[in-house]
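This report describes a metal site and a sheet. The structure is shown first, and the text follows.

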Amino acid sequence: MKIASELVQTVKKAKYVAVLTGAGVSAESGIATFRDPDGLWAKLNPAELASVDGFMSNPKLVWSWYQHRRDIVHSTEPNKGHYAIAEMEKVFPEFALITQNVDRLHQSAGSNDVVELHGNIIENHCQKCKKPFLGETTLPDGELPRCSECGGMIRPSVVWFGENLPFEAMAKSEEIVESCDLFFSVGTSAEVYPAAALPVKAKQYGATLIEVNPNKTAISHYADFRLEAPSGIALPILLEKLKEIE
Ligand code: BV8
Ligand code: ZN
């Protein structure tokens, strides 16, 4: 794939690079995205499943859906896009990674200090008292585990629709968008707020905005540059080009 030399030069000069990722980065690892035609929401209604109301009204269904997604996550590996982003940490004077993903593949690929906006699907906690749950998650006939402290229902430690994002993650993200001079939006449809506001905010604070996505999104018209390709292809090529202009 061709990458404009102006884009490579701009990236080369960057002092503080921030990357925001979405489900598209994990697509090449075999994890379904949410809004692509074959995505998770194509078959299921997110409000019913990825929300507190959905969980409270149908806990066993929601729990088994997350158990199913956890099994998929446990059987997947990071792809070249994750590894390229981990590599970027070492290339720039300052670097920050913010993810909407809950699969922790960035950490498996070697990324450090990952800001997780939407929590993670690996851990669980009590819906009532928030106590972390470290016990057995697979019970006979799909029963939900219960909290040893208060008897509350155990849920995955993801952020559901209608729930606030973790305060520290949001505070850190605000700091990053105010300070970075180059912001990559990679593999996200930029439709879920407040995460979707970050690329535009970074641009408003003066950063150059590069979008890496095979498709157009809600923020494509804001981007200074677009790499219209899968992240597992575009990012390794971009890193190669940067090395060529040592
Ligand atoms: C909040 C975790 C304050 C769970 C997720 C009414 C009531 C309540 C809230 C709202 C409301 N109306 C609006 C809201 C706000 C709401 C929202 O934004 N809704 C949207 C849908 C309109 N947001 C919230 O509720 C947030 N909380 O606002 O709190 C509040 C409190 C009370 C009341 C009001 C407000 C919480 C949002 C977090 C929800 N949790 N996930 C789980 O995973 O099960 S969201 C879910 O969407 C995932 O986390 C995902 O990360 C996120 C964003 O999706 P993307 O990552 O962008 O994935 P998507 O499939 O959309 O796109 C993939 C892209 O990749 C595509 O563009 C595709 O082209 C591209 N791609 C494909 N292959 C590749 C690729 N790119 C590169 N390479 C490839 N190979
Ligand atoms: Zn509890």
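A residue counts as buried under 20% relative accessible area, as exposed over 50%, and as partly exposed in between. The model described here is predicted.

**Zinc site**

Four sulfur donors, Cys126 (SG), Cys129 (SG), Cys147 (SG) and Cys150 (SG), coordinate the zinc ion (ligand 2) at 2.2 to 2.3 Å. The angles among the four donor atoms run from 98 to 120°, and the site is tetrahedral. Along the chain, the donors follow the spacing C-x2-C-x17-C-x2-C. Cys129 sits in the loop between β4 (119-126) and β5 (132-133), while Cys150 sits in the loop between β5 and β6 (154-158), so this pair ties together parts that are 21 residues apart in sequence. The table gives the accessibility of these two donors.

| Residue | Relative accessible area | Class |
|---|---|---|
| Cys129 | 32% | partly exposed |
| Cys150 | 30% | partly exposed |

**Sheet and helix**

An open sheet is formed by six strands, in the order β3-β2-β1-β7-β8-β9, with parallel pairing. The edges are β3 (115-116) and β9 (225-227); each has a single partner strand, so one side of each is left without a neighbour in the sheet. The partner of β9 is β8 (residues 208-212), and the two pair in the parallel sense over three bridges. Within this part of the sheet, Ile210 stands opposite Phe225 in β9. Helix α1 (residues 5-13) packs on the sheet, where the helix touches β7 (182-186), β8 and β9. The direction of α1 makes about 105° with that of β9.

Technical notes
Residues are numbered from 1 along each chain as its sequence is written. Chains are lettered from A and ligands numbered from 1 in the order in which they are written. This is a predicted model: local features need pLDDT of at least 70, side-chain atom pairs count only at pLDDT 80 or more; totals for chains, interfaces and linings use all residues. Side-chain values use heavy atoms; hydrogens and water are left out. Donors are N, O and S atoms within 2.8 Å of the metal (3.2 Å for Na, K and Ca); water is not among the atoms, so sites may look incomplete. Four donors count as tetrahedral if all angles lie between 85 and 135 degrees; four count as square planar and six as octahedral if opposite donors are over 155 degrees apart and all others between 65 and 115; anything else is irregular. Helices (H or I, at least four residues) and strands (E, at least two) are DSSP runs, numbered from the N terminus. Buried means under 20% relative accessible area, exposed over 50%, partly exposed in between (1.4 Å probe, protein chains only). Two strands pair if DSSP finds at least two bridges between them. Contact means heavy atoms within 4.5 Å. Axes are lines fitted to C-alpha atoms, for helices over the stretch in contact, and angles run from 0 to 180 degrees between N-to-C directions.
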